[in-house]
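Please look over the chain shown here before reading on. The report that follows moves from the chain as a whole to single residues.

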Amino acid sequence: RQIALPAPGRFATLMKLISDNLSSPLKKDKPLWEVTLITGVADIAHCPEATCAVFFKFHQTLIDSVTGAELVGA
């Protein structure tokens, strides 16, 4: 899915959106994973050229932390 941050797309707004998303459980009638493209990202000090972010959410039964890090790295 795709979500757009409200302008000006600050880092704190991005973290709040991700936090809110993590606090809601995955739906049992849907796949046990989600990938979200977040557009409208700006004002991130360590990556000023960023305009979007990708947020992955997996159910704990699908992936562990090591496999998850390898997957994101790939």
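Among the contacts in the chain with a separation of 6 or more, 56% are made by residues 24 or more positions apart. This figure, like every other in the report, was computed from a predicted model. The chain contains two helices and three strands, and these elements follow one another along the sequence in the pattern β-α-β-β-α. Its C-alpha trace spans about 35 × 25 × 15 Å along the principal axes. The chain has 74 residues, of which 22% count as buried, and its accessible surface comes to about 5,500 Å², with 62% of that surface belonging to carbon and sulfur atoms. As for charge, the chain carries 7 positive and 7 negative charges, and the mean positions of these two sets are 11 Å apart.

**The nonpolar core**

Which residues make up the largest nonpolar core? There are eight of them in all, namely L5, L14, I18, I38, V41, I44, A53 and F55. Two elements, helix α1 (11–23) and strand β3 (52–58), each supply at least two residues of this core.

Two members of the core can be followed through their contacts, leaving aside neighbours within four places in sequence. The first to consider is A53, which is found in strand β3 and counts as buried because its relative accessibility is 18%, where buried means under 20%. A53 touches L14, T36, L37, I38 and V41, and among these L14, I38 and V41 are also listed in the core. The C-alpha atoms of A53 and A42, which are eleven residues apart along the chain, are separated by 10.0 Å. The other member, F55, is in contact with I18, N21, L22, E34, V35, T36 and I38. T36 and I38 therefore appear among the contacts of A53 and also among those of F55.

**The loop between β1 and α1**

The loop between β1 (2–4) and α1 includes P8. A cis peptide bond joins A7 and P8, with omega at about 10°. For comparison, most peptide bonds are trans.

G9 lies in the loop between β1 and α1 as well. Is G9 buried or exposed? G9 counts as buried, because its relative accessibility is 0%. Beyond its neighbours within four places in sequence, G9 is in contact with G40, V41, A42 and D43, and one of these, V41, is also a residue of the largest nonpolar core. The C-alpha atoms of G9 and C52 are separated by 9.5 Å, although these two residues are 43 residues apart along the chain.

**A helix residue and an aromatic pair**

T13 is found in helix α1. Leaving aside neighbours within four places in sequence, T13 is in contact with L5 and P6, and L5 is one of the core residues named above. T13 and V66 are 53 residues apart in sequence, and their C-alpha atoms are 28 Å apart in space.

The count of aromatic pairs comes to one. The rings of F56 and F58 have their centres 6.3 Å apart and their planes at 5°, so this pair is stacked; the cut-off for stacking is planes under 30 degrees apart.

The table below gathers the relative accessible areas of the residues discussed in this report.

| Residue | Relative accessible area | Class |
|---|---|---|
| G9 | 0% | buried |
| T13 | 30% | partly exposed |
| A53 | 18% | buried |
| F56 | 38% | partly exposed |
| F58 | 30% | partly exposed |

Why do F56 and F58 count as partly exposed? The class lies between buried, under 20%, and exposed, over 50%, so F56 at 38% falls within it, and F58 at 30% does too. T13 is likewise partly exposed, because its relative accessible area is 30%.

Definitions and conventions
Residues are numbered from 1 along each chain as its sequence is written. This is a predicted model: local features need pLDDT of at least 70, side-chain atom pairs count only at pLDDT 80 or more; totals for chains, interfaces and linings use all residues. Side-chain values use heavy atoms; hydrogens and water are left out. A nonpolar core is a set of buried Ala, Val, Leu, Ile, Met, Phe, Trp, Tyr and Cys residues joined through side-chain atoms within 4.5 Å. Buried means under 20% relative accessible area, exposed over 50%, partly exposed in between (1.4 Å probe, protein chains only). Contact means heavy atoms within 4.5 Å. Accessible areas come from the Shrake-Rupley method with a 1.4 Å probe; for residues, only the protein chains shown count as cover. Lys and Arg count as positive and Asp and Glu as negative; His and the chain ends are not counted. The place of a charge is taken as NZ of Lys, CZ of Arg, CG of Asp or CD of Glu. Rings of Phe, Tyr and Trp (its six-membered ring) pair if their centres lie within 6.5 Å; planes under 30 degrees apart count as stacked, over 60 as edge-to-face and the rest as tilted.
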